[in-house]
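Student: Please take me through one part of this model closely, beginning with the helices that pack on a sheet and going on to the place where the chains meet.

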Protein chains: 2
Amino acid sequence: MKFRVTKSALVDAVSQVSKAVSSKTTIPILTGIKISVDEEGLTLTGSNSDISIQVHVPAKKDDLEQVFMEKIGSVVLPGRIFGDLVRKLPGNEVKWEVSDKFQTTIRSETAEFQLNGLDPIEFPRLPHLSTDKMFSMSADTLKSLIRQTGFAVATNEARGVLTGVLMQLEAGELVCVATDSHRLSRQQAQVESSEEITLKNVIIPGKSLSELAKTLSDYSGYVDILVAENQILIKTEELSFYSRLLQGTYPDTNRVIPKHGDTELVSSTRELLQSVDRASLISRDGRDNVIKWTLRDGKLEVNSTAQDIGSVSEEVNAKVNGPELSISFNARYMMEALRSIESDEIRIQFTGAMTPFLIQPTDREDSLHLIVPIRTR
Amino acid sequence: MKFRVTKSALVDAVSQVSKAVSSKTTIPILTGIKISVDEEGLTLTGSNSDISIQVHVPAKKDDLEQVFMEKIGSVVLPGRIFGDLVRKLPGNEVKWEVSDKFQTTIRSETAEFQLNGLDPIEFPRLPHLSTDKMFSMSADTLKSLIRQTGFAVATNEARGVLTGVLMQLEAGELVCVATDSHRLSRQQAQVESSEEITLKNVIIPGKSLSELAKTLSDYSGYVDILVAENQILIKTEELSFYSRLLQGTYPDTNRVIPKHGDTELVSSTRELLQSVDRASLISRDGRDNVIKWTLRDGKLEVNSTAQDIGSVSEEVNAKVNGPELSISFNARYMMEALRSIESDEIRIQFTGAMTPFLIQPTDREDSLHLIVPIRTR
């Protein structure tokens with residue numbers, strides 16, 4: 001194996017695959033990055049038990065040659081040192097040479113590294129996913145779906161399928177749902193798929209999705225999504241992101257979503273968020289971070305009390321309609337929902353002090369958040 | 001106690017004193033911030049067992065009124081919530097009212113907080129320091145002194161006086177020294193003081209100095225420094241920073257500093273730092289982070305080997321004079337010294353493979369760093 005590569009192309013690729021490299025594992029090869037070179041260019045792969053990321057550095061990009069292959073081959077190098085090393089190399093071009101025993105020489109200007117490589121045959125193989133169950137969407141829509149549901153998954157691993165986001169596809173409409181049983185977030189989007197493709201009960205670990213969002217942060221083109229029994233693959237032209245799927249049956253959440261509201265509030269998303277954030281300064285030390293809203297006489301009053309610290313009360317600009325209501329809930333759930341909403345104005349619908357209430361942007365119907373209130377004395 | 005204050009003035013003051021507030025302590029009042037108001041304006045104080053920070057918010061600044069006192073008084077409020085609260089208040093003006101029992105009402109637009117305050121009589125009193133032992137210097141010079149010595153203090157509390165920076169003043173020249181017995185940094189500066197003032201064995205905890213540097217980060221005027229038996233006070237017009245001094249006698253370090261060198265190296269500070277940084281990628285997992293320099297035939301070669309990982313070798317641009325030499329040392333000590341140096345070019349003087357070597361900028365004589373080499377097989 002022997003090649004030259006421009007440093008900038010290598011730095012970008014390594015920083016992407018590093019997100020999938022295990023820092024601690026009992027399997028040494030999983031702390032490595034696999035590098036392969038052939039006529040097409042360079043391929044880097046990082047893999048842990050949840051996700052795998054593969055980045056292709058094409059031999060030629062925008063008419064500029066960036067990989068000069070002299071002899072094809074593969075090697076696995078320790079991931080932890082590899083990323084730093086590539087970033088800190090002097091010069092603009094890096095020369096690689098790998099011996100039959102995977103001894104790797106990396107030269108750049110006057111610096112020369114010798115690294116003990118591992119046999120790539122030991123490295124996990126990426127699954128092959130068929131294009132039978134494939135659909136496409138813009139990366140921005142995908143990131144928005146993740147941003148508006150990912151925070152609501154259960155974080156305790158013992159909660160099983162609830163630590164993932166449910167993805168369902170029917171007639172070109174993708175629905176994502178996440179709930180930790182105290183709150184729920186649901187977001188829909190139109191995607192490009194053939195009418196026949198239907199997906200049910202595809203559950204992606206929340207952690208994988210937050211890594212995916214980071215991986216795609218600078219990308220705004222289209223992605224292809226391929227689904228198999230226990231794997232999902234999200235593909236751009238140069239990047240492939242694999243995640244395992246959670247096994248089990250996701251609960252039916254449709255029945256918990258109220259169909260109407262008696263008392264209704266319409267307010268600026270930002271002003272409401274700021275008032276909850278302030279009330280949370282008092283409530284955040286408590287077990288459930290409880291704040292209280294009173295909707296009365298067309299007004300919203302926010303209250304919170306903590307015996308040791310003190311109390312806060314605030315009247316917030318809002319349009320309030322319907323029967324008077326006092327309701328208590330976890331301030332953090334409300335802040336996370338409000339922060340995820342991109343619209344300037346929201347509507348909240350209540351059916352009673354002890355029933356879940358519904359938060360939705362006023363300008364779109366494809367997004368909803370639900371919070372279960374807390375019983376207080 | 002009753003007053004109004006502009007929010008921006010309050011936010012700045014709170015963020016400064018918060019640096020001295022204990023987050024964990026068995027003495028509840030030390031987790032608080034003391035607020036006092038009188039005709040002159042507002043005074044905020046934070047205090048822990050090492051440092052105290054007091055900030056004065058004058059009633060009028062640049063012809064703009066910022067504090068409107070209605071009734072003088074003091075109260076202590078929980079520091080942890082106070083900073084967040086002030087920052088998150090709506091509006092531009094905050095109204096304060098404190099009852100006889102230290103119940104504190106904070107109003108801003110439609111938000112109203114009630115906080116349980118504490119009796120300020122319980123709050124530590126700041127020491128009164130006489131101006132007998134006072135000198136002055138620019139804050140930039142002080143920050144530079146801290147930056148070029150603070151990193152070299154011992155971090156293990158059991159090392160006593162070596163966890164502090166020694167400050168000595170004679171005939172208007174201030175000398176700062178720090179050593180953890182493996183390396184030493186010394187920096188001198190001219191200050192404004194009367195000829196009679198001599199300071200010996202003033203030892204300031206390294207941690208206090210790094211807090212001081214942060215506190216002064218945006219300030220570039222002059223500071224007055226007052227020294228007493230066991231306290232030091234650094235004062236600007238609006239800020240007073242107190243630190244305890246370490247008790248004990250600082251060792252005489254003059255005798256360990258070599259007077260000349262046999263082998264000498266002159267190089268770009270940045271290029272040398274980058275080469276050490278790269279070599280450290282290989283050495284950093286080892287116990288002493290050892291890298292080796294070979295000076296021979298007018299050249300510098302940098303080497304490092306780690307059995308598990310591999311090796312690195314690099315030739316660095318440098319002017320080398322004198323007898324051939326191979327020397328091993330801790331890469332971190334070298335990087336910290338080189339990072340602290342502001343000059344573009346440095347000279348390193350060696351007297352042998354087992355004796356401390358001297359690092360100095362080529363364009364000034366008031367700064368030196370010394371590193372003790374490591375014996376290798």
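Tutor: Start with helix α1 of chain A, residues 7-17, which lies across β2 (32-38), β3 (41-47), β4 (51-58) and β19 of chain A. Its direction makes about 170 degrees with that of β4(A). Helix α3 of chain A, residues 139-149, also packs on the sheet, where α3 touches β12, β17 (222-227) and β18 of chain A. The angle between α3 and β12(A) is about 90 degrees. Bear in mind throughout that this is a predicted model.

The sheet beneath these helices is open and has eight strands of chain A, in the order β8-β2-β3-β4-β19-β18-β17-β12, with antiparallel pairing. At its edges are β8 (73-78) and β12 (134-138) of chain A, each paired on one side only. Neighbouring strands of the sheet are turned against each other by 20 degrees on average, direction ignored. One of the pairings joins β18 (residues 231-235) to β19 (residues 239-244) of chain A through five bridges, and these two strands run antiparallel. Within that pair, A:Q231 stands opposite A:R244. Strands of a sheet pair through backbone hydrogen bonds.

Another sheet takes strands from both chains. This open sheet has nine strands, in the order β25(A)-β21(A)-β22(A)-β23(A)-β11(B)-β10(B)-β9(B)-β1(B)-β7(B), and its pairing is antiparallel. The edge strands are β25 (325-330) of chain A and β7 (67-71) of chain B. Here the average turn between neighbouring strands is 15 degrees, direction ignored.

On the chain A side, β21(A) is joined to β25(A) by six bridges, antiparallel, with A:K292 and A:S328 as one set of bridge partners. β21(A) also pairs with β22 (residues 299-306) of chain A over five bridges in the antiparallel sense, and there A:L295 has A:L300 as its bridge partner. β21(A) and β22(A) form a hairpin with two residues between them. In the turn, A:D297 has a positive phi of about 50 degrees. Helix α6 of chain A, residues 331-340, lies across β21 (290-296) and β25 of chain A, at about 85 degrees to β25(A).

The chains are joined within this sheet where β23 of chain A (residues 310-316) meets β11(B): five bridges connect these antiparallel strands. A:V312 stands opposite B:F113 in β11(B). Further along, in chain B, β1 (residues 2-6) and β9 (residues 93-98) are antiparallel and joined by five bridges, with B:F3 opposite B:W96.

The contact between the chains takes 29 residues from chain B and 29 residues from chain A. Together the chains bury about 2,600 Å², 48% of it on carbon and sulfur atoms. In chain B, the residues that lose the most area to chain A are B:K88, B:R278 and B:L281, together 21% of what that side buries.

As for polar links, the rule finds six salt bridges across the interface of chain B and chain A. In one of them, the side chains of B:D84 and A:R284 meet at 2.9 Å, N to O. There are also 20 residue pairs in polar contact across the interface, both residues at pLDDT 80 or more. On the side of chain B that touches chain A, α2 (79-88), β11 (111-116), α5 (269-283) and β23 (310-316) of chain B each supply at least two residues. The residues of that side divide into eleven nonpolar, seven polar and eleven charged.

Methods. Residues numbered from 1 in each chain as written. Chains lettered and ligands numbered in written order. Predicted model: local features only at pLDDT ≥ 70, side-chain atom pairs only at ≥ 80, totals over all residues. Heavy atoms only, no water. Contact = heavy atoms within 4.5 Å. Buried area = accessible area lost by both parts, 1.4 Å probe. Salt bridge = Lys/Arg side-chain N within 4 Å of Asp/Glu carboxyl O. Polar contact = N/O pair within 3.5 Å; in protein donor to acceptor, adjacent residues only side chain to side chain. Helix = DSSP H or I, 4+ residues; strand = E, 2+ residues; numbered from the N terminus. Nonpolar A, V, L, I, M, F, W, Y, C, P; charged D, E, K, R; others polar. Pairing = 2+ DSSP bridges. Axes fitted to C-alpha atoms, helices over the stretch in contact; angles between N-to-C directions.
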